[in-house]
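User: I'd like to learn how to read sheets, helix packing and cores in a model like this one. Can we walk through it together?
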Amino acid sequence: MRAIVFRTAAFRMALWQAALFAVLAAALLGIVWLRINDYAQEQLRDDVAIEMASLRQADARDNLEAELRQRLAGLPADQDYYLLTDAGGRAIAGNLSYRPASAGWHAVPLHGAVGKDNSDADQVQLFAARLADGRWLVVGRDNRSVVELGEVLSRGFIDIGLLAVVLVLLSGGFASWRYLQRIDALGERAERMLEGAPESRIVGSGRGDEIDRLAARLNRMLERMRVLMEGMRQVSDDIAHDLRTPLSKVRQQLEASLADTSDEAMLRRSVDRAIADIDGLLVTFRALLRIASVEARERQAGFGEVDLSAVFEHIAETYRPVAEDGNRRLEASVAPGQRMRGDRALITQMLANLVENALRHTPPDAHIRVDLQAGAGALVGRIADTGPGIPAESRERVLKRFVRLDSSRSTPGAGLGLALVAAVSDLHGIKLTLRDAAPGLVVELRFPDTAPR
Amino acid sequence: MKILIIEDDLATAAHIAANLHHRHDCVDRAGDGPRGLSMAAGQHYDVLIVDRMLPGLDGLSLVRKLRADGREMPVLMVSALGEVDARVEGLEAGVDDYLAKPFAMTELNARLAALARRPRLGEAATRLRVADLELDRISREVRRAGRTIELQPREFRLLEYLMAHAGRVVTRTMLLEHVWEFHFEPQTSVVETHISRLRGKIDRGFDDELLHTIRSVGYSLRAAD
């Protein structure tokens with residue numbers, strides 16, 4: 001875990017930040033030091049100039065040597081330098097071994113001074129002046145205050161810089177560790193769920209931050225995966241259960257017909273029946289595959305703009321004569337010009353299945369209504385009948401594959417129609433509701449509000 | 001008719017070929033994509049039957065290549081992939097009809113017949129005529145023996161399709177696909193009901209029946225012999 005903490009993006013970011021802070025501190029120190037150094041040097045020269053002026057006043061009062069000796073005796077810190085020489089440059093008084101050659105400012109290395117080797121100073125600023133009588137007066141001050149200032153400054157900057165780097169690294173490490181904890185928690189939950197733990201979703205921190213968003217996406221992904229795995233298991237169950245039975249029936253028939261081959265006409269009938277049974281099986285098989293492919297969302301790629309009103313009209317027009325032939329009445333009221341994005345073939349089949357259900361599960365004289373209503377931002381399709389309806393407790397169940405209610409055992413069918421309707425509506429984001437039409441059943445399709453305006 | 005079957009499954013190819021021989025068609029066979037392509041490009045065939053999944057070169061690519069070379073012969077694709085998407089893909093590749101496996105031979109024969117004499121580009125007639133029955137595609141008028149017949153829009157399409165394939169057998173599935181654009185098996189008698197209504201309008205009260213039911217295969221619109 002420790003090694004991993006240092007390998008996160010968050011920690012790498014912290015490293016970069018620390019380096020940036022260090023560079024920033026160094027740059028700041030440099031700039032400040034340059035300015036302060038200039039200022040301190042100037043201050044130093046000002047001090048020397050004032051001292052020189054003061055001594056020259058003493059010289060005007062013929063009091064120079066006494067004044068000088070007094071200063072040399074009572075020097076507060078040994079950073080001040082004085083030298084008085086005769087016109088030939090020989091020292092009369094002072095604490096400086098220097099031979100003035102010209103008037104003005106001179107910077108001399110400190111090792112030329114006497115007994116001044118116990119400080120950080122390395123240079124003396126000297127101001128030499130020739131007095132009226134030809135003597136030389138030299139006043140100087142070493143640069144220890146400047147050097148010390150620099151040291152204090154750089155020590156301060158280094159301390160602050162180090163502190164900043166350490167703090168950034170610590171906070172980076174902590175952030176990285178927290179991040180890892182949450183990511184690993186996510187990963188572990190996902191892993192457990194993949195291994196089949198009953199947990200249904202990853203719980204975020206509730207802060208709505210990026211990790212929560214990631215958790216939400218993972219949840220959707222895992223849910224999708226669960227549905228797919230479920231679907232796969234369902235399909236194999238379905239095949240095992242509902243295809244094997246009719247297959248065995250066909251096999252038995254063929255076997256039985258082989259037992260007595262004397263009657264050729266009977267044999268032919270038997271083979272014809274077997275082919276018809278197999279065709280029925282193939283229809284079921286195709287329907288199953290289609291449901292599976294719709295559920296796997298393979299088809300969303302084939303979405304285009306669908307004239308929903310036209311599809312509703314088409315279905316009503318197609319099934320009205322079928323209803324009439326069965327002594328039922330089909331009425332339609334379709335709002336014109338309604339469009340949506342989707343798969344036209346699938347929507348057509350969905351509506352056809354619903355209308356066919358209504359036709360097949362109602363007694364003669366039943367009324368069937370096919371409506372498409374648009375209003376108040378909602379687009380709602382309804383297929384209602386006046387038949388026996390579906391009991392409330394079964395309405396969810398009938399949407400599953402191969403579910404057939406006992407009341408409809410006598411009608412042919414494999415119980416896949418509504419399963420396809422459920423899959424298609426799910427693919428299109430259509431809200432599918434089965435309700436009591438008192439009497440009868442009304443299937444409501446609430447279309448998503450994606451219609452291009 | 002001269003027909004080329006490009007199909008790698010020997011049993012299926014033999015089954016189809018036997019059926020076609022039976023109809024006195026001249027049949028060639030190719031067992032893989034490249035061979036099928038060179039045969040189709042090198043000789044004249046009235047119809048190609050192409051399996052979608054072929055070794056060497058898949059059926060879709062084969063048809064695309066043929067079409068890119070300007071070969072316009074009708075192609076019927078047969079495939080175990082029966083989903084609507086697969087079908088649409090096939091039609092986009094230049095296939096004229098698409099039949100999902102497994103299929104009944106009667107279905108294959110009906111589709112081959114429809115393809116073989118399919119009007120080529122630009123030849124779609126605006127007026128169709130079978131015996132004394134006339135249909136005008138532009139004015140959408142239908143007359144029999146000079147008497148105007150009122151048809152519902154879907155009935156008109158149904159009759160139009162039947163007349164365009166007059167003299168040939170069209171199957172229920174062909175009608176469902178082309179007239180209703182239903183790519184599934186309805187659980188109710190959609191085709192039968194509409195056919196019976198149409199028959200009531202175009203045949204009732206006339207001496208000769210034009211719309212015939214071909215038992216367990218489909219329907220055929222033709223003049224009495």
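User: Let's start small: which residue in β5(A) does Ala128(A) stand opposite?

Analyst: Val138(A). Before we go on, this is a predicted model: local features need pLDDT of at least 70, side-chain atom pairs count only at pLDDT 80 or more, and totals for chains, interfaces and linings use all residues. Residues are numbered from 1 along each chain as its sequence is written, with chains lettered from A and ligands numbered from 1 in the order in which they are written.

User: How many bridges join β4 to β5 of chain A, and how do the strands run?

Analyst: Generally, strands of a sheet pair through backbone hydrogen bonds, either parallel or antiparallel. Here, two strands pair if DSSP finds at least two bridges between them, and strands are DSSP runs (E, at least two residues), as helices are (H or I, at least four), numbered from the N terminus. Strand β4 (residues 123–130) and strand β5 (residues 136–142) of chain A run antiparallel, joined by seven bridges. Six bridges join β3(A) to β4(A), also antiparallel, and there Pro109(A) has Gln123(A) as its bridge partner.

User: What is the strand order of the open sheet in chain A, and which strands are at the edges?

Analyst: The five strands go β2-β1-β5-β4-β3 (chain A), with antiparallel pairing. At the edges sit β2 (91–94) and β3 (104–109) of chain A, each pairing on one side only. From one strand to the next, the twist averages 20°. Helix α3 (residues 64–73) of chain A packs on the sheet, touching β1 (80–85) and β2 of chain A, and its direction makes about 150° with that of β1(A). Contact means C-beta atoms, placed from the backbone, within 7 Å. Axes are lines fitted to C-alpha atoms, for helices over the stretch in contact, with angles from 0 to 180 degrees between N-to-C directions.

User: Does β3(A) lie largely in the open or is it buried?

Analyst: A residue is buried if 20 or more other C-beta atoms lie within 10 Å of its own, exposed if 12 or fewer, and partly exposed in between. Of the six residues of β3(A), zero are buried, so the strand lies largely in the open. Across the 453 residues of chain A, 26% are buried.

User: How do α4(A) and α5(A) cross?

Analyst: Angles under 35 degrees count as roughly parallel. The axes of α4 (residues 144–194) and α5 (residues 210–259) of chain A come within 11 Å and cross at roughly 10°, so the two helices are roughly parallel to each other. Arg182(A), Leu186(A), Ala190(A) and Met193(A) in α4(A) meet a set in α5(A) that includes Leu214(A) and Leu218(A). By class, this contact has eight nonpolar, no polar and one charged residues; Ala, Val, Leu, Ile, Met, Phe, Trp, Tyr, Cys and Pro count as nonpolar, Asp, Glu, Lys and Arg as charged, and the others, Gly among them, as polar.

User: Which residues have the most contacts inside the largest nonpolar core?

Analyst: A nonpolar core is a set of buried Ala, Val, Leu, Ile, Met, Phe, Trp, Tyr and Cys residues joined through C-beta atoms within 7 Å. The largest has 78 residues, and those with the most contacts inside it include Phe312(A), Ile315(A) and Leu159(B). Helix α8 (residues 344–360) of chain A gives the largest share, 10 residues. A second, separate core of 29 residues includes Ile6(B) and Val95(B).

User: How many residues does each chain give to the contact?

Analyst: Chain B gives 22 and chain A gives 20. On the side of chain B that touches chain A, α8(B) gives the most, with four residues.

Key:
Contact = placed C-beta atoms within 7 Å. Parallel < 35°, antiparallel > 145°, perpendicular 65-115°, else oblique.
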